[in-house]
Amino acid sequence: MLYTIRNEDLMAQVSSSGAQLMSLEGKNHTQYLWRGNTRYWSDRSLTIFPYVARLTKGCYHYKGKFYHMPIHGFGPSSDFSVFEQTESCVAFRLESNPKLFNMYPFDLQPRIFFKPRRKQKILAENRSDKAVHNITSRNNSLRPS
């Protein structure tokens, strides 16, 4: 679903699919964001989570188990739900679920706040007693934060 937010200077459109900013337009109708030409690259402003780039062989190893994840993690391909919406703000969250646990064994709840200020705020709440680690593909393991 597409959500529109605005203030006196900017209007933004944000999709719940991948919590992706789709448009950022000034009051003079100047578009500040790539328009997503499918001939080259259809996305606009991916929410990359929980890591950037690609894993070696598309997987990593943690506590005796291999986990497979697409390029830039599961953020770009996830459907986020709205938990706050006003005329000038929309906030999304992603709940942990079995599909995500098959890719990432940590109970995180990413929350993404969009306000038309040319800034985006991303918070990820650790909802378990496990330490959360940053993923690195250099040696297919996890590295402590």
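I take strands as DSSP runs of E, at least two residues long, numbered from the N terminus. The model I looked through is predicted.

**Overall make-up**

I looked up the secondary structure and found one helix and 11 strands in the protein. Reading from the N terminus, I noted the order β-β-β-β-β-β-β-α-β-β-β-β. I then checked burial: of the 145 residues, 38% count as buried. For the surface, I have about 8800 Å² exposed, with carbon and sulfur atoms supplying 49% of it. I also looked at contacts between residues at least 6 apart in sequence; 44% of these join residues at least 24 apart.

**Ala-19**

I went to the loop between β2 (10-15) and β3, where Ala-19 lies. Ala-19 is not a glycine, yet I read a positive phi of about 45° there. Is Ala-19 buried or exposed? I put Ala-19 down as buried, because its relative accessible area is 0% and the cut-off for buried is under 20%.

**The loop between β3 and β4**

I next checked Pro-50, which is found in the loop between β3 (20-26) and β4 (59-62). A cis peptide bond joins Phe-49 and Pro-50, and I noted an omega of about 5°.

Lys-57 also has its place in the loop between β3 and β4. I read a positive phi of about 60° for Lys-57, again a residue that is not a glycine. Does Lys-57 count as buried or exposed? Its relative accessibility is 76%, and exposed means over 50%, so I entered Lys-57 as exposed.

**Side by side**

I closed the page with the two positive-phi residues: Ala-19 is buried, whereas Lys-57 is exposed.

Conventions. Residues are numbered from 1 along each chain as its sequence is written. This is a predicted model: local features need pLDDT of at least 70, side-chain atom pairs count only at pLDDT 80 or more; totals for chains, interfaces and linings use all residues. Side-chain values use heavy atoms; hydrogens and water are left out. Helices (H or I, at least four residues) and strands (E, at least two) are DSSP runs, numbered from the N terminus. Buried means under 20% relative accessible area, exposed over 50%, partly exposed in between (1.4 Å probe, protein chains only). Contact means heavy atoms within 4.5 Å. Accessible areas come from the Shrake-Rupley method with a 1.4 Å probe; for residues, only the protein chains shown count as cover.
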